[in-house]
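Subject: Handover of a structure and the findings on it

Dear colleague,

Please find below the structure that I am handing over to you. The findings follow directly after it.

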Amino acid sequence: MMNSYTHNSLRMLPEWAPTEAVMLAWPHISSDWAPWIDGIVSDYVELCCAISRSAFPVILVQDDNHESEVKKILDRKMDRRPLFFQVPYNDTWCRDYGPIGIGAERELKSFLNFNFAGWGSKYQATLDNAVNQALKTSWGVPLKTLNYELEGGSIETDGQGTLLTTVNCLLDSARNPGITKASCEEKLREILGIDRFLWISEGALLGDDTDSHIDNLVRFCNENTLAYITCSRPEDIHYSSLQEMQRQVLSLRQANGDPYRTYALELPLPLYDEGSKRLPASYANFLLINDLVIMPTFGCPQDALAFSQLQLAFPGKEICGVPGNNLIRQYGGPHCATMQLSAGALTKELIKKNVV
């Protein structure tokens, strides 16, 4: 198929495009966070404070009482004042239902609102799926809604026409029944301005209910650099599959044929839930915001290794650790819990009102 996109056409923006704000959905007692509500709220405070050092936190809350409660918790802790939006949501993983930015030359032009159905209809997600439309008048760019199921954590781009994703999620799941590799690529070429696809088929982590989102496995750090999760411990059940994934990653090539610069992030020591189920902890679930990289920490020796590797992968940027042990109880991390909003995402009136 001839690609209709040119070099200057609209494409999905990379995460290193200038970021104005970051969206989060605050945990509440009526959500799945109820058993760990005190711990997760404390960790969201740390995450939100870290975000505020480089961008405006955009915080979703349930109602007036919830907003007042969160404002009281965050009082005088933030470098940038957060913006609050009262909108109902089922879950807090707004990476997967937040708006996806499309633009040209790293400049945001519009938002895409894909269908979100709870990771292949595993969970109730009707409220999550309505969030972007509910905030439509607050966006500074047009919002286009699409009848196609896709989650933000399932795709990575270099902003130059390359998409990185996994076979397990986009092809071998219940998201878009009957989808083939060819039809999936054709659809995403049209919607996201993609020229070529890098498919990862190995490396699934136990406990990952997203069907192997790419943001837990392999990440773009810039146009020519990849960070990926690996395991050097033969006794770990993930050892073989992550060794296979490493071979796939090292075989990937840039559009010009050159290999990528790669940085391996050692899998943290095993973490389990109360029922002894392995949790999908991964340092690849980091959040990039302008000059700041926020990584999860798990209180094990691999934290320091991941920190040093990310510092090499992101020269000149600050690496900041936030607690990951509570976030992973619901199978996510800082990247899953957030959606970056590029410069121009919010109306000028909102920004002016919030700054004054």
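The largest cavity is lined by 20 residues, and those nearest its centre are M12, L13, E15, M339 and Q340. Two or more residues of this lining come from each of β5, β6 (107-115), β8 (155-157) and β17 (338-342). Of these strands, β17 contributes the most to the lining of the largest cavity, namely four residues. By class, the lining of the largest cavity consists of 11 nonpolar, six polar and three charged residues. The space within the largest cavity amounts to about 200 Å³. In total, six cavities of 30 Å³ or more were counted. Please note that the model is a predicted one, and that every value in this message is computed from it.

I turn next to the open pockets. The largest pocket has a volume of about 360 Å³. It is lined by 15 residues, of which R81, P82, L83, F84 and N354 are the closest to its centre. Helix α2 (64-74), strand β4 (83-86) and helix α9 (348-355) each supply at least two residues of that lining. The lining of the largest pocket holds seven nonpolar, one polar and seven charged residues.

The second largest pocket encloses about 220 Å³ of space. Its lining comprises 15 residues, and R11, E105, R106, G159 and Q160 lie nearest the centre. The elements that give two or more residues to the lining of the second largest pocket are β1 (11-12) and β5 (100-104). Strand β5 thus appears both here and in the lining of the largest cavity. The classes in the lining of the second largest pocket are five nonpolar, five polar and five charged residues.

Several individual residues also deserve a mention.

Which side chain of opposite charge is nearest to D43? It is R329, at 7.5 Å. A salt bridge requires a side-chain nitrogen of Lys or Arg within 4 Å of a carboxyl oxygen of Asp or Glu, and D43 has none, although D43 is buried. D43 belongs to helix α1 (residues 37-52). Leaving aside residues up to four places away in sequence, D43 touches P323 and N326.

Two residues other than glycine have a positive phi: R76, at about 65 degrees, and S121, near 65 degrees. R76 is placed in the loop between α2 and β4, that is, between two elements that each supply at least two residues of the lining of the largest pocket. S121 is found in helix α3 (residues 118-121). Is R76 buried or exposed? With a relative accessible area of 78%, R76 is exposed. S121 likewise counts as exposed, at 58% relative accessibility, because the class begins over 50%.

Finally, K136 lies in the loop between α4 (126-134) and β7 (143-149). Its relative accessible area is 42%, so K136 is partly exposed. K136 is separated from A345 by 209 residues in sequence, while the C-alpha to C-alpha distance between them is 11 Å.

Yours sincerely

Methods
Residues are numbered from 1 along each chain as its sequence is written. This is a predicted model: local features need pLDDT of at least 70, side-chain atom pairs count only at pLDDT 80 or more; totals for chains, interfaces and linings use all residues. Side-chain values use heavy atoms; hydrogens and water are left out. On a 1 Å grid over the protein atoms alone, a cavity is a set of points where a 1.4 Å probe fits but cannot get out, and a pocket is an open set with protein on both sides within 12 Å along at least five of seven lines; lining residues have an atom within 4 Å of a point. Grid points are joined across faces, edges and corners, and a volume is the space filled by probe spheres set on the points. Ala, Val, Leu, Ile, Met, Phe, Trp, Tyr, Cys and Pro count as nonpolar, Asp, Glu, Lys and Arg as charged, and the others, Gly among them, as polar. Buried means under 20% relative accessible area, exposed over 50%, partly exposed in between (1.4 Å probe, protein chains only). Lys and Arg count as positive and Asp and Glu as negative; His and the chain ends are not counted. Contact means heavy atoms within 4.5 Å.
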